[in-house]
Amino acid sequence: MAVPKLEMRPLGNTGLKLSSVGFGASPLGSVFGSVSESDAVASVLEAFHLGINFFDTSPYYGATLSEKMLGKGLKALGVPRSEYIVSTKCGRYREGFDFSAERVTKSIDESLERLQLDYVDIFQCHDIEFGSLDQVVNETIPALQKLKEAGKIRFIGITGLPLEIFTYVLDRVPPGTVDVILSYCHYSINDSTLEDLLPYLKTKGVGVISASPLAMGLLTEFGPPEWHPASPELKSACQAAAVYCKEKGKNISKLAMQYSLSNKDISTVLVGMNSVKQVEENVAAATELALFGKDHETLAEVEAILKPVKNQTWPSGIQRS
């Protein structure tokens, strides 16, 4: 049986087509444990080889290390620049948050140098709930439009955890100004609240990237890192679901990945990867889904276990003034 190619999905009105699985490069910044340069480069090469064309990073990840590592990986591909899509971010740095026009304008030049690129396809304001949303609307996004005119970026995006930040900004900027949103932890088995926002985003012509299908480690056999902000109740329910899957000979991470990939209104599911093995597992989840469909039986059991905590989220800094 021929293995199906990774599906390509349109991103809003951008004209870009993204692979249904996107490569999240934050782990290349050794955010979740040390990653060697050779492993970082090998994982980028393998991802591209298996059909992933979308790579996402930020200067915040690993205090600029993620961008540098991704840049080395992309350079090693040795393919025309038009064959892959790169997204980075601005406004969040190791030193803190700064969404000023001056800082984000300087930020793109720093990022391009680290990535060894002439332009990025998508430039996103990073975790905007920690800044002033009005500043993002009135100062940051107009500054990004100038970078677009200068040819340093092709499209503009915003990212963050609370879903209301997206409507707040999109209702206040001229139509077509913001091309993309990146939401995380809101389209996975335990929390699918992003779904309610999809019709609104469609009417705005905004592309949707959904990150953290494994809910930052909740939906894994190993469980989340110590610092994970979820409630003890949510953590233990996810742990019970993971144990249930393991007992049935199933992997909760693969199930979670397939759940997130099933909604075609989401252009790409962004998942962090730092090894060839992780790349292969994530692509396998997508190809198996294309061949055999979802494991409805196991999914129904897991959803039943998670029902008491469904759509439970955690606080993230919102500032309006």
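Which residues does Phe23 touch, not counting residues up to four places away in sequence? In this predicted model, Phe23 touches Leu28, Ser43, Val44, Ala47, Ile52, Phe54, Phe55, Asp56, Leu270, Val271, Met273 and Val279. To see where these contacts belong, begin with the strand that holds Phe23.

Strand S3 has both of its faces covered. Val21 and Phe23 lie on one side, Gly22 and Gly24 lie on the other, and all four are buried. This arrangement can be read with a general rule in mind. In a regular strand, side chains alternate between the two faces of the sheet.

S3 has a partner in strand S4, residues 54–56, and the two pair in the parallel sense over 2 bridges. Within this pairing, Phe55 of S4 is the bridge partner of Phe23. S3 also pairs with S12, again in the parallel sense, over 4 bridges. Here Gly22 stands opposite Leu270 of S12. Strands of a sheet pair through backbone hydrogen bonds, either parallel or antiparallel.

These pairings are part of a closed barrel. Its 8 strands follow the order S3-S4-S5-S8-S9-S10-S11-S12, with parallel pairing. From one strand to the next, the twist averages 30°. Helix H8, residues 252–261, packs on the sheet and touches both strand S3 (21–24) and strand S12 (268–272). The direction of H8 makes about 150° with that of S12. Elsewhere in the barrel, strand S9 (residues 153–160) pairs with strand S10 (residues 180–184) in the parallel sense over 4 bridges. Ile158 stands opposite Ile181 in S10.

Phe23, Phe55 and Ile158 appear together again in the largest nonpolar core. This core has 104 residues, and these three touch the most other members. Helix H4 supplies the largest share of the core, 7 residues.

Helix H4 spans residues 133–149 and includes Thr140. Is Thr140 buried or exposed? Thr140 is buried, because its relative accessible area is 0%. Leaving aside neighbours within four places in sequence, Thr140 is in contact with Phe99, Val104, Cys125 and Gln135. One of these, Cys125, is 15 residues from Thr140 in sequence, and the two C-alpha atoms are 7.9 Å apart in space.

Cys125 leads to the matter of disulfides. How many disulfides does a search of the whole structure find? The search finds 0. Why is there no bond at Cys90? The closest cysteine sulfur to that of Cys90 is in Cys125, and there is no bond because the 4.6 Å between them is too far. A disulfide needs the two sulfur atoms to be within 2.5 Å. For Cys238, the closest cysteine sulfur is in Cys185, 10 Å away, which is also too far for a bond. Both Cys90 and Cys238 are buried, each with a relative accessibility of 0%.

The loops hold some buried residues too. Thr177 is found in the loop between helix H5 (164–170) and S10. Thr177 counts as buried because its relative accessible area is 4%, and the cut-off for buried is under 20%. A polar atom of the Thr177 side chain lies 2.3 Å from the backbone oxygen of Pro174. With neighbours within four places in sequence left aside, Thr177 is in contact with Ile141, Gln145 and Ile156.

Another threonine, Thr220, lies in the loop between strand S11 (207–211) and helix H7 (232–247). Thr220 is buried as well, with a relative accessible area of 13%. Its side chain reaches the backbone nitrogen of Gly223 at 3.0 Å. Not counting residues up to four places away in sequence, Thr220 touches Leu214, Ala242, Ile252 and Ser253.

The loop between S11 and H7 also contains Ala215. Ala215 is not a glycine, yet its phi is positive, about 50°. At 0% relative accessibility, Ala215 counts as buried. Where is Thr64 placed? Thr64 is in the loop between S4 and helix H2 (65–77). Its phi is near 85°, a positive value in a residue other than glycine. Thr64 counts as buried at 18% relative accessibility.

Terms used: Residues numbered from 1 in each chain as written. Predicted model: local features only at pLDDT ≥ 70, side-chain atom pairs only at ≥ 80, totals over all residues. Heavy atoms only, no water. Pairing = 2+ DSSP bridges. Axes fitted to C-alpha atoms, helices over the stretch in contact; angles between N-to-C directions. Contact = heavy atoms within 4.5 Å. Buried < 20%, exposed > 50% of the residue type's maximum accessible area, 1.4 Å probe, protein only. Core = buried A, V, L, I, M, F, W, Y, C linked by side-chain atoms within 4.5 Å. Polar contact = N/O pair within 3.5 Å; in protein donor to acceptor, adjacent residues only side chain to side chain.
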